[in-house]
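Me: I have the sequence and the structure open in front of me. Please pick one spot in the chain, look at it closely, and then take me outward from there to the rest of the fold.

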Amino acid sequence: MHQQQDAPRSAAPTAGPRPISDSGLLTADDLHLFNEGTHARLYEKMGAHPARLDGVDGTHFAVWAPNAERVSVEAYGHGSHALAPRGTSGIWQGFVGGLTPGAIYKYRIHSRYHGYQTEKSDPFAFYSEVPPKTASVVERLDYDWHDLEWMAQRRRRNALGAPISIYEMHLGSWRRDDAGWLGYRELARPLVEYLLGTGFTHVEFLPLTEHPFYGSWGYQTTGYFAPTARYGRPQDLMYLIDELHQNGIGVILDWVPSHFPTDGHALGYFDGTHLYEHADERQGFQPDWKSFVFNYGRSEVRSFLLSSAMFWLDKYHIDGLRVDAVASMLYLDYSRGPGQWVPNEHGGRENLQAIGFLRQMNQEIYRTYPDVQTIAEESTAWPMVSRPTYIGGLGFGLKWDMGWMHDTLRYMSKDPIYRTYEHNSLTFRQMYAYSENFVLALSHDEVVHGKGSLWGKMPGDEWQKFANLRLLLGYMFTLPGKKCLFMGSEFGQRREWNHDDQLDWNLLDLAPHQGLLLWMTDLNRAYRSEPACFELDTDPAGFEWIDCCDTQKSVISYARKSHSSAGTLAVAANFTPLPRHNYRIGVPAGGHWAELLNSDAREYGGSGQGNFGGHEAAPLPCHGRAWSINVTLPPLAIVVFKASQPPSSPPPAP
């Protein structure tokens with residue numbers, strides 16, 4: 001798999017660099033924590049750091065290559081500069097005068113083994129050449145932030161009891177111009193205006209860490225401390241985040257500690273040995289993605305990954321990390337057949353080292369940044385993913401509800417005539433809804449690889465497709481759980497997502513797409529303004545079935561509650577194209593129940609059937625409640641009612 005690399009670019013190393021003394025960047029404590037696996041801020045010491053030493057401008061370099069015989073900095077146009085080993089730590093370091101920000105470099109590594117030598121990018125580089133070039137670039141991370149107000153209040157904005165509506169997006173294919181994708185700065189104003197207009201509270205970027213293959217969408221990461229140079233410099237990304245924060249929008253970054261690509265310039269076989277990855281392919285190679293798997297049992301690798309997670313929270317003011325492919329980290333036999341994996345020390349399939357790392361990571365993040373969230377993309381029934389580590393959990397703040405996503409999309413793709421037989425796909429979710437702190441996600445994974453768009457999954461003619469999609473989004477936004485929607489779905493992108501093209505914004509010239517976007521905007525408005533939609537997302541007291549058993553009519557109804565009983569909502573969803581007139585549902589109290597939302601309203605593209613503003617509750621028992629309202633359920637639609645008067649006392653028993 002690994003071959004000897006090309007000859008060095010430069011001549012023999014010069015005597016230019018000066019070894020850094022123990023009083024330099026890396027202290028004895030740093031080395032101890034690094035080798036112990038507990039260093040959380042290696043980015044302050046490792047990699048390339050511009051500095052001035054003895055009156056000379058230059059750069060401190062430090063790289064971990066314990067099995068190297070010689071290491072040098074190959075500075076393009078500035079010669080070769082040997083580094084010196086730092087004791088027995090495995091770190092090579094030195095100060096190179098004359099190399100200042102903008103200098104392009106790699107490390108030339110001569111291994112002790114097999115005559116192997118190679119040029120590698122800096123694992124701790126803050127910036128890289130624009131792909132397909134692969135060298136690292138000396139860079140400062142200076143930036144004058146203006147998001148003090150956001151940072152002071154984000155604990156409230158990121159709380160489990162806050163409204164969190166996430167717009168998931170791939171930065172390079174959201175919007176483009178004739179020259180190609182837009183840069184970080186170019187995107188700032190149009191993205192801020194769009195998110196403010198549609199009402200999303202957060203934006204989640206597919207990985208912006210540097211990656212050589214654009215078609216990986218960032219999930220094949222090579223630069224764990226560098227934003228991709230495709231869209232600009234680090235300060236340009238900081239500007240984008242700063243603008244979002246100043247407008248009250250949180251920023252979540254997709255982060256990938258589960259695997260990394262085999263590209264020769266990157267982490268794999270770094271010093272002539274399997275340094276970052278397991279040597280045994282049964283542990284160190286991921287067959288699904290043809291990539292390497294980190295060796296979580298190695299202390300220095302844990303320090304590397306822990307520092308990467310902390311780096312984005314520290315230097316880029318990121319408000320949350322969505323951790324990709326957690327299931328592949330937890331299970332040693334993930335995507336492997338018999339004989340293709342190695343059991344743990346107890347003979348089980350659990351990756352004990354990866355579990356330990358995830359717990360350590362979450363503990364460190366929440367200890368240092370208690371106002372952020374970590375979000376696990378975890379697709380199995382692993383228990384307590386979003387529970388504290390002190391009770392045996394993994395320590396994440398939130399977890400994607402993959403089961404809900406698959407069940408719901410399977411149900412919604414059915415012709416309504418068959419939905420009566422799939423009714424449990426709607427109701428099963430409430431059996432486990434509070435076992436974790438869930439995010440309901442309709443993500444990028446559901447609109448690629450031949451799966452089509454969300455709009456395309458919906459059955460029926462064009463009108464029914466839009467009605468079904470409005471119903472799906474309304475159902476999603478009225479269930480317990482935070483929300484995450486991939487770009488384009490909010491206005492009904494018709495074709496499958498293509499990372500090489502922008503979204504089909506021209507569709508917004510058409511009335512049905514305008515109506516869907518208006519529905520999404522009003523959903524976000526109601527979601528953010530009604531405490532019953534979010535306050536008790538992780539508390540069973542926030543949800544109550546009114547009727548989950550009307551399988552014949554494919555109707556469900558439920559109540560959402562807040563800390564105040566006056567804020568209770570009653571929700572009813574009709575999953576068939578037949579309108580249901582004189583449909584009675586029990587409500588928690590008397591008084592007037594105003595129609596707050598109706599996905600069938602004409603302004604959204606619906607047929608205009610509804611409830612004339614609402615209904616007065618009658619003292620007629622229904623669904624086990626003393627009060628009820630007689631409503632119209634429009635075709636393929638969801639309606640939401642809110643008690644607009646103080647709740648009445650129950651009528652006296654007969």
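Reply: Happy to! Let's start at His-317, which counts as buried because its relative accessible area is 14%, under the 20% cut-off. Please keep in mind that this is a predicted model. His-317 sits in the loop that leads from helix H7 (299–315) to strand E19 (320–323). Its backbone deserves a look too: phi is near 55 degrees, a positive value in a residue other than glycine.

Leu-636 makes a good companion to this spot. Leu-636 also has a positive phi, of about 45 degrees, although it is not a glycine. Its loop runs between strand E30 (627–633) and strand E31 (637–643). With a relative accessible area of 1%, Leu-636 is buried.

Another positive phi turns up in a hairpin. Strands E1 and E2 form this hairpin with two residues between them, and Asp-54 in the turn has a phi of about 50 degrees. The two arms, E1 (residues 47–53) and E2 (residues 56–64), pair in the antiparallel sense over seven bridges. To find the register, start from Gly-47, whose bridge partner in E2 is Ala-62.

The hairpin belongs to something wider. Follow the order E1-E2-E6-E5 and you have an open sheet of four strands with antiparallel pairing. E1 and strand E5 (84–85) are its edges, each pairing on one side only. Further in, E2 and strand E6 (residues 91–97) run antiparallel and are joined by seven bridges. Here Phe-61 can be your guide, with Gly-94 as its bridge partner in E6.

Back to loops, and to another backbone detail. The peptide bond between Pro-131 and Pro-132 is cis, with omega near 15 degrees. Pro-132 belongs to the loop between strand E8 (117–120) and strand E9 (136–137).

Pro-388 is a further proline to visit, placed in the loop that links strand E20 (373–376) to strand E21 (398–400). Its relative accessibility is 29%, so Pro-388 counts as partly exposed. Setting aside neighbours within four places in sequence, Pro-388 contacts Gly-393 and Gly-395. Asn-362 is 26 residues away along the chain, and its C-alpha atom lies 9.0 Å from that of Pro-388.

For a helical counterpart, try Asp-407 in helix H10 (residues 402–412). Asp-407 is buried, with a relative accessible area of 17%. Not counting residues up to four places away in sequence, Asp-407 touches Ser-425 and Phe-428.

Now zoom out to the whole chain. The protein has 14 helices and 31 strands, and 62% of its 654 residues count as buried. A compact globule of 654 residues would have a radius of gyration near 26 Å, so the 27 Å of this protein agrees with that expectation. The C-alpha trace spans about 95 × 55 × 45 Å along its principal axes. Among contacts with a separation of 6 or more, 73% link residues 24 or more positions apart.

The surface and charges complete the tour. About 24000 Å² is exposed, with carbon and sulfur atoms supplying 52% of it. There are 57 positive and 73 negative side chains, and the centres of the two sets lie 2 Å apart.

Conventions. Residues are numbered from 1 along each chain as its sequence is written. This is a predicted model: local features need pLDDT of at least 70, side-chain atom pairs count only at pLDDT 80 or more; totals for chains, interfaces and linings use all residues. Side-chain values use heavy atoms; hydrogens and water are left out. Two strands pair if DSSP finds at least two bridges between them. The radius of gyration is taken over C-alpha atoms; the globule rule is 2.2 Å times the number of residues to the power 0.38. Buried means under 20% relative accessible area, exposed over 50%, partly exposed in between (1.4 Å probe, protein chains only). Contact means heavy atoms within 4.5 Å. Accessible areas come from the Shrake-Rupley method with a 1.4 Å probe; for residues, only the protein chains shown count as cover. Lys and Arg count as positive and Asp and Glu as negative; His and the chain ends are not counted. The place of a charge is taken as NZ of Lys, CZ of Arg, CG of Asp or CD of Glu.
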